[in-house]
Amino acid sequence: MKALIKKGLGAENIGLDDIKSPIIKENQLKVKVHATGICGTDVHIVEDEYPADYPVVLGHEYSGYVEEVGDNVANFKKGDRVVSHTAAVTCGGCYYCKHGLLMLCTDRKSIGSGVNGAFAEYVAIPAELAYKVPENISMDEAALSEPLACIVRSVIERATVKAGDNVIVSGPGTIGLLTLQVAQASGGNVVVVGTTQDKSRLKLALELGAKDTIVVDDEKDREKLKSVMGTYDVAFECSGAAPSADNCLHLLKKTGLYVQVGLYGKKIEFDHDLALMKEINITNSYASEPTSWARALQLLEAGQVNVRPLISNKLPLEEWKKGFEIVMNKEGYKVLLDPHSTK
Ligand SMILES: [Zn+2]
Ligand SMILES: [Zn+2]
């Protein structure tokens, strides 16, 4: 089968290959991949900024159809529409596993970095990590369940947004626009912050319900930015850019909540003295946990989160390079790759 594999360190070590279709174990499902989204994490892996066990098929944000069911799996059948949590291998016995914190298990291997992922025609996953896709959600939309589950983890499980809270979302990429919607579903009044490069993204943020937007490097918004400094209850840093983190710290009111969502890919400077003097609470989130998924699918099913406008491109897997370029150049939102299309 076709698969996008990274064979080792170095961006030159990635490419399409023909590999054996996965053979499943008794507790697994073999899933025919419908579509897989390109994630910032995939870009970090390509650029050697995120650990992976090589060689590995990349891709963890997918939807697909059950093709084959392991002998010990009772609750799935061929043809079921599924998505899944990514922690394919965990020890099952450590403190974190026992507390449902699969991502923190030292032995954890995720699909698309530790074990073969979903930029391929088929992927093997543990059935206990799979979720059926509600009927009213299309399979393209379902491919965004993973990033949405990460945002549920961040906004609902790690942070708290109370009804009426004034919320900043800094960085209006796919992750920021999902954060906007989940924070709104929790009752927050959300203002989205970006740069002049982000103008079309900020426009989409307004269409998705943001109360306002601020362009930090635009002369016209300078006064607006000044007037709202120190007024927000919660700030979600979604861009993984150091100036954005600093901005969030200044925008928060004293005792506000700072939430790190974006990944920087390197060490950054952060003004902890300022955070201390404002008694800012600081938290963060790492991917998603099984608890995040049911809520994510519920938000989609109920129409409280709309991921359709976030799907900007769908390309055959062969055009993976073009897809990654679109993501790296910030030309689109979520780019989906379809391993079964040849067009
Ligand atoms: Zn992802
Ligand atoms: Zn464990």
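## Where the two domains touch

Let's start at the interface. In this predicted model, three residue pairs make polar contacts across the interface of domain 1 and domain 2. What about salt bridges between domain 1 and domain 2? The count there is zero.

On the side of domain 1 that touches domain 2, you'll find 10 nonpolar residues, along with four polar and four charged ones. Contact between the domains involves 18 residues of domain 1 and 17 residues of domain 2.

## How much area gets buried

People often describe an interface's size by the accessible area that is lost when the parts come together. Here, domain 1 and domain 2 bury about 1,400 Å² between them, and 66% of that is on carbon and sulfur atoms. Which residues of domain 1 lose the most area to domain 2? They are L310, K330 and Y333, which together make up 39% of what the domain 1 side buries.

## Who's who along the chain

The domain assignment gives domain 1 two stretches, 2-148 and 288-338, while domain 2 covers 160-284. Their C-alpha centres sit 28 Å apart.

## The zinc site

Now for the metal. Which protein atoms are donors to the zinc ion (ligand 2)? The SG atoms of C91, C94, C97 and C105 do the job, lying 2.3 to 2.4 Å from the zinc ion. Along the chain, these donors follow the spacing C-x2-C-x2-C-x7-C.

For four tetrahedral donors, the ideal angle at a metal is 109.5 degrees. The zinc site is tetrahedral, with angles of 103 to 117° among its four donor atoms.

Terms used: Residues are numbered from 1 along each chain as its sequence is written. Chains are lettered from A and ligands numbered from 1 in the order in which they are written. This is a predicted model: local features need pLDDT of at least 70, side-chain atom pairs count only at pLDDT 80 or more; totals for chains, interfaces and linings use all residues. Side-chain values use heavy atoms; hydrogens and water are left out. Domain bounds come from an automatic or database domain assignment. Contact means heavy atoms within 4.5 Å. Buried area is the accessible area (1.4 Å probe) that two parts lose on being put together, summed over both. A salt bridge is a side-chain nitrogen of Lys or Arg within 4 Å of a carboxyl oxygen of Asp or Glu. A polar contact is a pair of N or O atoms within 3.5 Å; within protein, one must be able to donate a hydrogen and the other to accept it, and residues adjacent in sequence count only if both atoms are side-chain atoms. Ala, Val, Leu, Ile, Met, Phe, Trp, Tyr, Cys and Pro count as nonpolar, Asp, Glu, Lys and Arg as charged, and the others, Gly among them, as polar. Donors are N, O and S atoms within 2.8 Å of the metal (3.2 Å for Na, K and Ca); water is not among the atoms, so sites may look incomplete. Four donors count as tetrahedral if all angles lie between 85 and 135 degrees; four count as square planar and six as octahedral if opposite donors are over 155 degrees apart and all others between 65 and 115; anything else is irregular.
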